[in-house]
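Here are some notes for a colleague who is meeting this structure for the first time. Please keep the sequence and the three-dimensional view at hand while reading the points that follow.

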Amino acid sequence: NKKDFFGAALVACLSIESAQGSTLGCVLKTDYTPGIACAATTYTANNQAQLDTYLLNYGESGGLYKNLKINFAVTGTDIQIHSPCDIKFSTTASITASNVCLDGRGGVTGGSVDIEGETVSMLSEMGTVVYFSGALIQADQLTLSARDVVRIGPDSVTTVTGAIVLGTVA
């Protein structure tokens with residue numbers, strides 16, 4: 001499997017390794033209900049209450065989970081967002097927390113998303129982790145890990161004061 005690593009200049013202690021479940025406090029969730037697949041539809045969370053509703057059953061409808069699109073400023077201390085499908089971001093979305101864990105089994109992709117935290121992890125057991133042009137990521141520790149592709153878009157700004165881990169999910 002070819003791994004692609006593109007993007008912004010990263011100044012820090014850089015390591016590339018295989019992620020086996022837990023990285024910097026973010027754990028891959030793998031205990032989703034067997035037999036339920038992801039629909040082609042997306043559940044859009046415009047506020048915290050809608051995000052909490054999605055996280056209860058992953059937007060399950062008609063025996064299918066839905067992708068998640070975050071369309072608001074998420075704030076907190078420990079943000080844990082897991083989805084059996086894709087996690088996507090609108091151009092107005094942002095996340096600010098001490099610990100940010102984004103675990104989209106199908107992928108984690110974002111437009112010009114802003115994410116700020118001490119520990120930021122973006123993981124995908126079966127897909128890609130991609131943030132696009134104009135994204136702003138600020139962290140003390142950053143983990144980007146996916147089965148297929150990890151990509152940082154052009155004109156993105158990634159500022160990390162500590163460790164950066166780019167990995168593959170084994």
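Which pattern do the disulfides of the protein follow, with bonded cysteines counted along the chain? The points below begin with that matter, and it should be kept in mind throughout that this is a predicted model.

1. The disulfides follow the pattern 1-4, 2-3 when the bonded cysteines are counted along the chain, and the count comes to 2 disulfides. As a general reminder, a disulfide is a covalent bond between the sulfur atoms of two cysteines.

2. One of these links joins C26 to C101, with a sulfur-to-sulfur distance of 1.9 Å. The pair connects distant parts of the chain, since C26 sits in strand β3 (residues 26-27) and C101 in strand β10 (residues 99-104), 75 residues apart. The torsion about the S-S bond of C26 and C101 is about 60°, so this disulfide is right-handed. C26 is buried, at a relative accessible area of 1%, and C101 likewise counts as buried, at 2%.

3. A disulfide is also formed by C38 and C85, whose sulfur atoms lie 2.0 Å apart. Here too distant parts of the chain are linked, with C38 in strand β4 and C85 in the loop between β7 (78-83) and β8 (86-89), 47 residues apart. The link of C38 and C85 is left-handed, with -100° about the S-S bond. As for exposure, C38 counts as partly exposed at 38% relative accessibility, whereas C85 is buried, with a relative accessible area of 1%.

4. Strand β4, which carries C38, also belongs to an open sheet of 6 strands, arranged in the order β4-β5-β8-β11-β13-β15 with parallel pairing. The edge strands of this sheet are β4 (37-45) and β15 (150-152), each of which pairs on one side only. From one strand to the next, the twist averages 15°. In general, the strands of a sheet pair through backbone hydrogen bonds, either parallel or antiparallel.

5. Looking at one pairing in detail, β4 and strand β5 (residues 64-70) run in the parallel sense and are paired over 6 bridges, and T44 stands opposite K69 in β5. Helix α1 lies across β4 and β5, and it runs at about 160° to β4.

6. Both ends of this helix deserve a look. The N-terminal end of α1 (residues 48-57) is capped by N47, which places a side-chain oxygen 3.1 Å from the backbone nitrogen of A49. Just after α1, Y58 adopts a positive phi of about 60°.

7. Turning to charged side chains, the structure holds 3 salt bridges. R105 forms one with E125, the closest N and O atoms being 2.9 Å apart. This pair links distant parts of the chain, with R105 in the loop between β10 and β11 (107-110) and E125 in the loop between β12 (114-124) and β13 (128-131), 20 residues apart. R105 is partly exposed, at a relative accessible area of 23%, and E125 is also partly exposed, at 21%.

8. The side chains of D31 and K29 meet in a salt bridge at 2.5 Å, N to O; D31 is exposed, with a relative accessible area of 57%, while K29 is partly exposed, at 22%. A further salt bridge brings together the side chains of R147 and D148 at 3.0 Å, N to O, and R147 is partly exposed, with a relative accessible area of 32%.

Conventions: Residues are numbered from 1 along each chain as its sequence is written. This is a predicted model: local features need pLDDT of at least 70, side-chain atom pairs count only at pLDDT 80 or more; totals for chains, interfaces and linings use all residues. Side-chain values use heavy atoms; hydrogens and water are left out. A polar contact is a pair of N or O atoms within 3.5 Å; within protein, one must be able to donate a hydrogen and the other to accept it, and residues adjacent in sequence count only if both atoms are side-chain atoms. Helices (H or I, at least four residues) and strands (E, at least two) are DSSP runs, numbered from the N terminus. Two strands pair if DSSP finds at least two bridges between them. Axes are lines fitted to C-alpha atoms, for helices over the stretch in contact, and angles run from 0 to 180 degrees between N-to-C directions. Contact means heavy atoms within 4.5 Å. A disulfide is a pair of cysteine sulfur atoms within 2.5 Å. Buried means under 20% relative accessible area, exposed over 50%, partly exposed in between (1.4 Å probe, protein chains only). A salt bridge is a side-chain nitrogen of Lys or Arg within 4 Å of a carboxyl oxygen of Asp or Glu.
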